[in-house]
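Grab a pencil and work through these exercises with the structure open beside you. Try each task before you read its solution.

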Amino acid sequence: MALLEVEELTVRLATARGPADAVRGVSFSLDRGQTLGLTGESGSGKSMTALAVIALLPEGARATGRVLLNGEDLLAASERRLCAVRGNRIGMIFQEPMTALDPLHSVVRQVAEPLRLHRGLSAGAARAEALRLLDRVRLADAHRSAAAYPHQLSGGQRQRVLIASALACGPDLLVADEPTTALDATTQSEILDLIAELVDEDGMALMLISHDLGVMAQNVTRTLVMYGGSIVESGPTEAVFSRLAHPYTRGLHAARPRLGVGRGKRLAAIPGTVPEIADLPPGCPFAGRCPLTIAACSAAIPPPLPVGPGHAARCIRLEAALTLPKAAD
Amino acid sequence: MELASVTQDYALPRQTLFRRPGRIVALDGVNLTVGPGRSLGIVGESGAGKSTLARLAMALERPASGTVRFMGHDLNALPHAALRGLRRHFQMVFQDPNGSLDPRQRVGWIVAEPLRAVGGLSAEDEREAIAAVLESVGLHAADRDKYPHEFSGGQRQRIAIARALITRPSLIVADEPVSALDASVQAQVLNLLQDLIAKHGVTLLLISHDLAVVDHLCEEVAVMYRGRIVEQASPERLFAAPAHPYTRLLIDSLPQLSSRPRRRPMRAASTAEAPGGCSFARRCPHVRERCRAEAPVLREVGARHLAACHFAEAIIAQPRT
């Protein structure tokens, strides 16, 4: 049994235009020591999937299916039980550390909080452990900065504090939702390197959510590409980025501005826009924007078809898709 | 557009009632020239002074010292009415179309706002101008009667671009025009900007943190760090032979799709300022004694290639990782 098993997860949201599914039948599993990435654009369902895994779905969202952590179904667990799991067995890092941190408490207190809550440490012991953690995430001047408040730190330093707090109880699973999107490029690579090192040392599982294909390629061994609430392609990261089997993955890859392409060259934009979840077509969610669409695409959501070992894409025109033009790296 | 020795600083919040509030230098002696029909990109991390530069170029604030000239006029010496008349020739596109489009106004009203501010156009001409500009950014003339919320993010940014174009400006200042957009839509807007530069001969001052976006649109790139330009060259030259260690760090930080060996993470640099010397010295892997003592000036290190580093020639010669 894997550490995390997500089976047929569906998340229904109450939108202004009636109920709509933000996540549609998502299944995957993740074991200790493994790293998994979820990528896609806004509205693809990647963040909703992450929120379902940490049982923090927004008000009015209904999740069906199963989210098994160590065999226990979190979707069926009581709030009391979830409180004992979140921040303890599952550590979380969010995009904007300023909103995830409490502006009224010093950082050392916030890192110590889960230790007191979940491990029942005394104030002094929790503080000592928190200082050790802040040092471990290489907070600049860790001992002096520990007494600082979040607004006194830079974005990268705040994210280090959040990581220290997520790791405090030695979780089995670390969920990082766009952890570096709000940061500068140079800080981004420092933080990603730090996360990779800590995950490696502690042997926990990492679930990384990012819209950035480059962040996926360098930080996870397995990648899931989401579009319109479904996983349209999944596989070992290297295979996903070398084959680019699904027309959406291939289109997204070709649309990126890249260094050295040169001026005057047009980018291969994907026509149209990401559909809102209330507007998703009945069949393949990408059908409206795909160059290969045929009538059968709109009949039903395509099943995952094998591309290679452990690599599958939900596309009934897989053979044609593999011949679409591919951008260089 | 010409900026000469432009400096700008802002007051920090007062720490106590009894001490003068501190000041933070956002721009420190910046010189820049953008010729007509040219495109210049400005890159750098947050806090580098990119957006301050954009605001000064748009005459939205006055520099603490230095001059900002546009079409030969000193923007900060012009009488108010003359500046207002000149504004039709330079327009701005902001990062977040949701924040810059009034949600309670129809698209036609939003797009025509700069025209009304300039004045002197009949209702009939205004209607025609709106239709033409909406079509030039790939929208329909009929979209004028819709509200911004009826459009997707990419389309909203097209509306913002249409608003900037309607006075037929010769200069457009775009501050992170595509960073709020989804990847698949970002490419559409970049293609549009490229067409507009080519078709209308618009001069572009593009602010972006994304090196690839600047490489795609601009003929020249200026890299900013802590309020100064530390390197300036054509993108081909800059990305092939970076002369400043900061530029090199930026390029190496770009996530590549091919995997790279992991670096041992460094302890983050403290933000405390070193007095005198090079502002990048604390983070620089090649730092030497001279860097801490003497601030490097922006100087020529190659053909049409400027860099502010004492050891630029040695940095260029180093193999890229």
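**Exercise 1. A sheet in chain A**

In what order do the four strands of the open sheet in chain A lie, and is their pairing parallel or antiparallel? Then work out which strands sit at the edges, and look for what packs on the sheet.

Solution. One thing to keep in mind throughout: this is a predicted model.

Step 1. Walk across the sheet: the order is S2-S1-S4-S5, and the pairing is antiparallel.

Step 2. Check the two ends of that order. Strand S2 (18–30) and strand S5 (72–73) of chain A are the edge strands, as each pairs on one side only.

Step 3. Zoom in on one pair. Strand S1 (residues 4–15) of chain A and S2(A) run antiparallel to each other, with nine bridges between them. For a concrete example, take A:Val6: its bridge partner in S2(A) is A:Phe28.

Step 4. Now add the helix. Helix H1 (residues 46–53) of chain A packs on the sheet and touches S1, S2 and strand S4 (62–69) of chain A. The direction of this helix makes about 115° with that of S1(A).

**Exercise 2. One residue in strand S5**

Decide whether A:Glu72 is buried or exposed, and find how far it lies from A:Leu4 in space.

Solution. Step 1. Locate the residue: A:Glu72 is part of strand S5 of chain A.

Step 2. Count neighbours. There are 12 other C-beta atoms within 10 Å of A:Glu72. A residue with 12 or fewer counts as exposed, so A:Glu72 is exposed.

Step 3. Compare sequence with space. A:Glu72 and A:Leu4 are 68 residues apart in sequence, and their C-alpha atoms are 9.3 Å apart.

**Exercise 3. The start of chain B**

Is B:Met1 buried or exposed? Find out which residues it touches, too.

Solution. Step 1. B:Met1 sits in the segment before strand S1 (2–11) of chain B.

Step 2. Being at the start of a chain doesn't settle the matter, so let's count: B:Met1 has 21 C-beta neighbours inside 10 Å and counts as buried. The cut-off for that is 20 or more.

Step 3. Leave out residues up to four places away in sequence, and B:Met1 touches B:Val34, B:Ala57, B:Phe70, B:Leu171 and B:Leu205.

Step 4. One of those partners, B:Ala57, is among the buried residues of H1(B), along with B:Lys50, B:Thr52, B:Leu53, B:Ala54 and B:Leu56. That makes six of the eight residues of helix H1 (residues 50–57) of chain B buried, so this helix is largely enclosed by the rest of the structure. Just after H1(B), B:Ala59 has a positive phi of about 55°.

**Exercise 4. The nonpolar core**

How many residues make up the largest nonpolar core, and which have the most contacts inside it?

Solution. Step 1. The core has 185 residues, and the ones with the most contacts inside it are A:Val111, A:Leu134, A:Val175, A:Met207, B:Val111 and B:Ala162. Helix H7 (residues 183–200) of chain B brings the largest share, eight residues.

Step 2. Pick B:Val111, in helix H4 (residues 107–118) of chain B. With 29 other C-beta atoms within 10 Å, B:Val111 is buried. Beyond four places in sequence, B:Val111 touches residues including B:Ile130, B:Leu134, B:Ala162 and B:Ile166.

Step 3. Do the A:Val111 version. Its contacts beyond four places in sequence include A:Ala130, A:Leu133, A:Leu134 and A:Val161.

Step 4. Here's the general idea: in soluble globular proteins, nonpolar side chains tend to be buried together.

**Exercise 5. Where the chains touch**

How many residues does each chain put into the contact, and which helix of chain A gives the most?

Solution. Step 1. Chain A puts in 44 residues and chain B 40.

Step 2. Helix H7 (155–167), helix H8 (185–202), helix H9 (213–219) and helix H11 (247–255) of chain A each supply at least two residues of chain A's side. H8(A) gives the most, with nine residues.

Step 3. Sort chain A's side by class: 18 nonpolar, 13 polar and 13 charged residues.

**Exercise 6. Is chain B compact?**

What is the radius of gyration of chain B, and how does it compare with the globule rule?

Solution. Step 1. Chain B contains 12 helices and 12 strands.

Step 2. Its radius of gyration is 21 Å, close to the 20 Å that the rule gives for 321 residues, so chain B is as compact as a globular protein of that length.

Notes:
Residues are numbered from 1 along each chain as its sequence is written. Chains are lettered from A and ligands numbered from 1 in the order in which they are written. This is a predicted model: local features need pLDDT of at least 70, side-chain atom pairs count only at pLDDT 80 or more; totals for chains, interfaces and linings use all residues. A nonpolar core is a set of buried Ala, Val, Leu, Ile, Met, Phe, Trp, Tyr and Cys residues joined through C-beta atoms within 7 Å. Two residues are in contact if their C-beta atoms, placed from the backbone, lie within 7 Å. Ala, Val, Leu, Ile, Met, Phe, Trp, Tyr, Cys and Pro count as nonpolar, Asp, Glu, Lys and Arg as charged, and the others, Gly among them, as polar. Two strands pair if DSSP finds at least two bridges between them. Axes are lines fitted to C-alpha atoms, for helices over the stretch in contact, and angles run from 0 to 180 degrees between N-to-C directions. The radius of gyration is taken over C-alpha atoms; the globule rule is 2.2 Å times the number of residues to the power 0.38.
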